[in-house]
Amino acid sequence: MKKLFVAASGLLLILTLLAAPLFAKNFGAPLTLTETTSVSAILADPDSYVGKTLQIKGLVVEVCAKRGCWINIAGEKPFEKLHVKVDDGVVVFPLTARGKTATVEGVWEKIVRQNEFGFTRTKPNLDKAVDPASVSTAEVFYQLRGLGAVIEGL
């Protein structure tokens, strides 16, 4: 009886794993690339990928709760994640995507933010004298401008 239960559980697990891609949901444009780039490789040398169309795959760890306009994909190493932004209203990721595996294609972007005062989003401490050399005049971050995605298990 115990062997039958173990065999049935194993069979159920295999069927679940095989069926997960069958229940995948597409968002945006269809995926066209056949090769996936690892999140770790992109984050190790982000400038070398700027402007390139990439496909990544990983666990969705965060979803925009207001508009579903971005997701964060976990990398292979602890605490690594990559931000995927899509056009507002064109693609809307559901909150239920969190914890699912996503394959996403998009263009890798480098974004530099600077306001007219030379400060980034971080506010300067006006009570203390600021050494101009210590002030970063630009904030740089990277993201994948998502064009299409497939999320398994939705």
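User: What makes the approach of Ser48 to the backbone oxygen of Asp45 a polar contact?

Analyst: In this predicted model, a polar atom of the Ser48 side chain lies 2.8 Å from the backbone oxygen of Asp45. A polar contact requires a pair of N or O atoms within 3.5 Å. The value of 2.8 Å satisfies that limit, and the pair is therefore called a polar contact.

User: Where is Ser48, and why is Ser48 called partly exposed?

Analyst: Ser48 is placed in the loop between H2 and strand E2 (53–63). Its relative accessibility is 33%. Buried means under 20% and exposed means over 50%, so a value in between is called partly exposed. Ser48 therefore counts as partly exposed.

User: What makes Ser40 buried or exposed?

Analyst: Ser40 belongs to helix H2 (residues 39–44). Its relative accessibility is 12%, which is under 20%, and Ser40 therefore counts as buried. Leaving aside residues up to four places away in sequence, Ser40 touches Glu76, Lys77 and Glu80.

User: How do you know that Phe27 and Phe93 form an aromatic pair, and what kind of pair is it?

Analyst: A search of the whole structure finds two aromatic pairs. In one of them, the ring centres of Phe27 and Phe93 are 5.4 Å apart, which satisfies the limit of 6.5 Å. Their planes stand at 55°, neither under 30 degrees nor over 60, so the pair is tilted. The pair links distant parts of the chain: Phe27 is in strand E1 (residues 25–28), and Phe93 is in the loop between E4 and E5, 66 residues apart. Both Phe27 and Phe93 are buried.

User: Why is the pair of Trp108 and Tyr142 called stacked?

Analyst: The centres of the Trp108 and Tyr142 rings are 5.9 Å apart, and the angle between the planes is 0°. Planes under 30 degrees apart count as stacked, so this pair is given that name. Because Trp108 lies in strand E5 and Tyr142 in strand E6, the pair ties together parts that are 34 residues apart in sequence.

User: What makes Trp108 buried or exposed, and what of Tyr142?

Analyst: Trp108 has 2% relative accessibility, which is under 20%, so Trp108 counts as buried. Tyr142 has a relative accessible area of 23%, between 20% and 50%, and is therefore partly exposed.

User: How do you know whether Gln143 and Val140 are buried or partly exposed?

Analyst: Gln143 is in strand E6. Its relative accessible area is 5%, under 20%, so Gln143 is buried. Among the residues it touches are His83, Trp108 and Ile111. Val140 is found in strand E6 (residues 139–151). Its relative accessible area is 42%, between 20% and 50%, so Val140 is partly exposed. Val140 touches Lys110, Ile111 and Val112, not counting residues up to four places away in sequence.

User: Which residues of the largest nonpolar core touch the most other members, and what makes a group of residues such a core?

Analyst: A nonpolar core is made of buried residues of certain kinds, Ile, Phe and Val among them, joined through side-chain atoms within 4.5 Å. The largest has 22 residues, of which Ile56, Ile73, Phe93 and Val104 touch the most other members. Two or more residues come from each of H2, E2, strand E3 (70–74), strand E4 (81–85), strand E5 (101–113) and E6. E2 supplies the largest share, four residues.

Note on methods:
Residues numbered from 1 in each chain as written. Predicted model: local features only at pLDDT ≥ 70, side-chain atom pairs only at ≥ 80, totals over all residues. Heavy atoms only, no water. Buried < 20%, exposed > 50% of the residue type's maximum accessible area, 1.4 Å probe, protein only. Contact = heavy atoms within 4.5 Å. Polar contact = N/O pair within 3.5 Å; in protein donor to acceptor, adjacent residues only side chain to side chain. Phe/Tyr/Trp six-rings, centres within 6.5 Å; stacked < 30°, edge-to-face > 60°.
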